[in-house]
Amino acid sequence: LPGPAILPTEPAAPSTETGLRLDSAPNPTRGEARLRFTLPEATEVSLACYDVRGRLNEILLNGERLPAGDFDRPLTGSRAAGTYACRLQTAQGSVTRLVTVN
């Protein structure tokens, strides 16, 4: 997965073209956060987080085939304070959300 080129500022809006949804809670976070996402159809999914310089921080899913539905993944590991871009990518498209760690 290449790093995100544009970091969105609006959280939690579904992509109108693809039906993909990606949310993070709590956001901002001081400890554990969870990424929740919705897939409108079965597809291969990649989910990864990047730092503000576009460097890969964590891979949560790497091309795994999932059915349509709602899913939840914890953000694991420790992160330095800052803003991270979490990107959900499927064959139908991608959506990116910012997660702030205090």
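Author: Let us start with a term: two residues are in contact when heavy atoms lie within 4.5 Å. The model here is predicted, so local features need pLDDT of at least 70 and side-chain atom pairs count only at pLDDT 80 or more, while totals for chains, interfaces and linings use all residues. Residues are numbered from 1 along each chain as its sequence is written, and side-chain values use heavy atoms, with hydrogens and water left out.

Reader: Among contacts between residues at least 6 apart in sequence, what share joins residues at least 24 apart?

Author: The protein reads β-β-β-β-β-β-β along its sequence, with zero helices and seven strands. Helices (H or I, at least four residues) and strands (E, at least two) are DSSP runs, numbered from the N terminus. Of the contacts between residues at least 6 apart, the share that joins residues at least 24 apart is 54%.

Reader: Which strands stand at the edges of the open sheet of three strands?

Author: The open sheet has the order S1-S2-S5, with antiparallel pairing; strands pair if DSSP finds at least two bridges between them. Two of its strands have a single partner each, so one side of each is left without a neighbour in the sheet; these edge strands are S1 (21-25) and S5 (69-74).

Reader: What is the bridge partner of Arg 36 in S5?

Author: Strand S2 (residues 34-39) runs antiparallel to S5, and six bridges join them. In S5, the partner of Arg 36 is Asp 72.

Reader: How is the one aromatic pair arranged, and why?

Author: Rings of Phe, Tyr and Trp (its six-membered ring) pair if their centres lie within 6.5 Å; planes under 30 degrees apart count as stacked, over 60 as edge-to-face and the rest as tilted. The structure holds one such pair. The centres of Phe 37 and Phe 71 are 5.3 Å apart and their planes stand at 20 degrees, so the pair is stacked.

Reader: How many residues apart in sequence are the parts that this pair ties together?

Author: Phe 37 belongs to strand S2 and Phe 71 to strand S5, so the parts tied together are apart in sequence by 34 residues.

Reader: Is Phe 37 buried or exposed, and at what relative accessible area?

Author: Buried means under 20% relative accessible area, exposed over 50%, and partly exposed in between (1.4 Å probe, protein chains only). Its ring partner Phe 71 is buried at 17%. Phe 37 is buried too, with a relative accessible area of 1%.
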